[in-house]
Amino acid sequence: MSTPPGNITRRFAWALALSGCAALAYQVAWQRMMTQLIGSDALSMTLVVTIFLLCLGIGSEAARFLVARSRVTALKCYVIIELLVALYGIFSVPLIRTINAAVLQADSLTADFLLNLALLAFPVIGMGITTPIAVHVAKKSLSNMGRTAGTLYGWNIAGAAVGSIVTGLVLIEAVGLKGTTYFAAAANVAAGGIAACALRLVVSGPQSAPPPLLPVSKPAMAAAVLFGFGTLALQVLFFRILSNYMTLSTIVFPSLLCAYLVLMSVGQWAGGKMADRYSDRLPEVIAGLFAAGAALLLAALRFPPGLAAKVHALRFSSFNGQLVAPEHHGLIGDPSLLTVFLFSAGLMLSVAAWSGLFPVMFRLITRRIEDAGARFARLYTLYTMGNVVGAFACGAFMLSLLGTGGSAMATVGVTSVAALMVVLSSGGSRRALATIIGGGVIALAGMPLDYYKRFTFDNYRVADVFEGQTGVVTVVPTTRFYTIIDVNRTASASALKTDPGPDDQYEAWRWNHTELMALDPAFRPRNVLVIGLGHAYLIDAMLDLPFIRKITIVEISEEVVLAIKKYTTSSTRRIFSDPRVNIVISDGRRFVQSALKNGERYDLIQNKINEPWHAGGGNLFTEEFFLEEKRLLAPGGYLSTRPLTGHLNDGLKVFGNVLWGGYYHMYFKNGMAAVPDQAVITRDIAGAWASFLPGRGASSTPREPVIRAALFTSVPRELKTDANTDDRPTFEVYWLRRLLGVWASPRVNLWDLDLRQYVKAVPVVIAEADNH
């Protein structure tokens, strides 16, 4: 039998750190790509996470057969696996995109899932094999087995933490998704190289047949699954909670994911040390870790949001920030990277406590040093299967049915059952039982069921909450004519409680596109697609146009629709009963891809996500998606977007022209646009052209008899921004360029710029006869 020297564990720690870094770089890059292929709604994201966890579990189970071999053979397998994963990673992005485009013809999430499961199974199963092999090769004696497993798994997770934040903040922005996979492949090669160098340290003698594995008790196996459930359910819960503190800024997710993984790493290390030090009292250690985690979770949900504001962790977007007092305007906008990491780590301390359960369980079920590799593989498999169920159940069902507070209670309950099973089956003391029961009861009794109504600050008050798969929708009253509808406390929509007044600049004609129809009298849209419900006022205004036959609204969040419908008390409410309006709950990108496959065409596509720089929004404004929207337009049709410099740059590359009428929209034509010598108001648009409020007819106050229009066929130098593509989503990821001072913001509205040299004053004339 081979006997590894003392530094074999240290070498494998570095190899596993590099392997973990590569794994998270792949996961973040592939997950971003998957949101472009199958959508970024909650169900799609859950399916992507499920693919990873399922394949990791399969890989760990497969590792049981490899660890039955000699250490030298297992180590050679480790090197080969790292190199094969690297090879796949290099070609992964174009391979996955090409096969998805060629194979998937129908709009089916099941088909999406099965195809991408097949595509990702090979590399992710390989990733699941590596850690059990490392434990098998590095094992020394039973007395330090918990520390060895905790150290190796902890370093693997620490590497993953580095990979998550470097990928999310630097790599995707600097080198794109393909470049990120090249970086990950290099890390795989380096990990394989370290393992190959360790071959000379592993002296192999004659290999005797391993003794039969001692059986693992069924309570211990069931507890491992339930502990895995609790760990991933905790992640889903905290990601939702923390996004409501720091909004959907794109620096938040990689930073809090890094914090989560760092806490997991610390928990693995600490749990391993405790497992070896208190090897004769392991049930008591499990009871203590459970109770500590439950208490810390309760403290996190009871933490006053007002205190978070003192450390600048309670953030607001530009829209809902109007309710913050002037002295607190520093809370508007993105938080700092350090704030996100430290606040997230502080709030998620329960993750460290419950992560420590893994090495303790490993020590508990490993009675002989010969069984260490196989035991680790089996435990890792069981944990991962629990992870799969926890992520899917919490993300798809628990949060919708129970809310955040109820889901936290359910997570504590499930994890307490696991702890009780271990203690009872292993002869634990009454004190351990009392610790679990007492800690669980206190946590369950203290959990707030109305959690998000506690988010009050200055004039920001949450009146109602709609919680579902896509996030937390909060209803925030204002003193103006609308009620703010936030998604994860990021302003997403609004509900009009009264009609806007003369000073609100909300005249219906600013929204109903009649300036475009006056500039292009041949354009009379009948079939309209609107991506994002928004404040519903635009749809309401367009219903005044007599030629409109159908308006399809695609909204990713059913909770947003329910909130707007409940709190819209103005005349805009008519959109929910008008037979021409059809609301579809779907990801906008997936809907467009499905409509293309079905051969549908639209005369007008309205894609006006207000703040596309928040997580996921940029997918709707890449050059590739502009092209898909162009293909969906009928000849002579228009795509309308918010007039931002970023959209101007990316849309022009696809359409070749863009027309701006001076108001809230700019228009990309599927054909050649032009600025005419006069704008013609025909009878079919006359009422809407002069309408102050939707459904009320023409206003007595005449509009200005001129349209100030600008036509761009190329991007002026002073308006240039970085291209936003599927491979480099620069609209969302900008931290590095902003840090280096080379970021040209794509968020600038055209009306905030001096564009007089590009603007032509077009006189408005009233047609004597109506040709439409």
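**View 1. Charged side chains over aromatic rings in the predicted model.** In this predicted model, the charged end of Arg489 is placed over the ring of Tyr460, at 5.3 Å from the ring centre. A second such arrangement involves Lys630, whose charged end sits over the ring of Phe655, 5.7 Å from its centre.

**View 2. The open sheet of four strands.** The sheet consists of 4 strands in the order S1-S2-S3-S4, with antiparallel pairing. Strand S1 (464-468) and strand S4 (490-496) occupy the edges; each has a single partner strand, so one side of each lacks a neighbour in the sheet. On average, neighbouring strands are turned by 20° against each other, direction ignored. Helix H17 (residues 558-567) lies across S1, S2, S3 and S4 and runs at about 155° to S1. Although S4 is an edge strand, 6 of its 7 residues are buried, so S4 is largely enclosed by the rest of the structure.

**View 3. Strand S3 and its two pairings.** Strand S2 (residues 471-476) pairs with strand S3 (residues 482-487) in the antiparallel sense over 4 bridges. In this pairing, Val476 stands opposite Ile484 of S3. S3 is also joined to S4 by 6 bridges, again in antiparallel fashion, and here Ile484 stands opposite Ser494 in S4. The hairpin of S3 and S4 has 2 residues between the strands, and Asn488 takes a positive phi near 50°.

**View 4. Nonpolar cores and the surroundings of Phe227.** The largest nonpolar core contains 216 residues, of which Trp30, Phe227, Tyr245 and Met361 touch the most other members. Helix H13 (residues 372-425) supplies the largest share of this core, 19 residues. Apart from neighbours within four places in sequence, Phe227 is in contact with Ile286, Leu357, Met361, Tyr383, Thr415, Ala418, Ala419 and Val422. A second, separate core of 30 residues includes Leu596, Phe625, Leu639 and Val715.

**View 5. Aromatic pairing of Phe712 and Tyr758.** The whole structure holds 41 aromatic pairs. In one of them, Phe712 and Tyr758 form a tilted pair, with 5.4 Å from centre to centre and 50° between the planes. Distant parts of the chain are linked by this pair: Phe712 belongs to strand S13 (residues 706-712), whereas Tyr758 lies in the loop between helix H22 (735-740) and strand S14 (759-766), 46 residues apart. Phe712 is buried, with a relative accessible area of 4%, whereas Tyr758 is partly exposed at 24%.

**View 6. An aromatic cluster.** Eight side chains are labelled in this view: Phe319, Phe481, Tyr482, Tyr506, Trp511, Tyr537, Tyr664 and Trp751 form one aromatic cluster.

**View 7. The open sheet of ten strands and its helices.** The 10 strands follow the order S7-S6-S5-S8-S9-S11-S10-S13-S14-S12, and their pairing is mixed. Strand S7 (581-585) and strand S12 (679-681) stand at the edges with a single partner strand each, so one side of each has no neighbour in the sheet. The average turn between neighbouring strands is 25°, direction ignored. Strand S8 (residues 602-607) and strand S9 (residues 633-641) run parallel and are joined by 5 bridges; Asn607 stands opposite Thr641 in S9. Helix H19 (residues 623-632) packs on the sheet, where it touches strand S5 (527-531), S8, S9 and strand S11 (666-669), and its direction makes about 140° with that of S9. Helix H20 (residues 645-655) lies across S9, strand S10 (658-660), S11 and S13, and runs at about 15° to S11.

Definitions and conventions: Residues numbered from 1 in each chain as written. Predicted model: local features only at pLDDT ≥ 70, side-chain atom pairs only at ≥ 80, totals over all residues. Heavy atoms only, no water. Pairing = 2+ DSSP bridges. Axes fitted to C-alpha atoms, helices over the stretch in contact; angles between N-to-C directions. Contact = heavy atoms within 4.5 Å. Core = buried A, V, L, I, M, F, W, Y, C linked by side-chain atoms within 4.5 Å. Buried < 20%, exposed > 50% of the residue type's maximum accessible area, 1.4 Å probe, protein only. Phe/Tyr/Trp six-rings, centres within 6.5 Å; stacked < 30°, edge-to-face > 60°. Lys NZ or Arg CZ within 6 Å of the ring centre and 35° of its normal.
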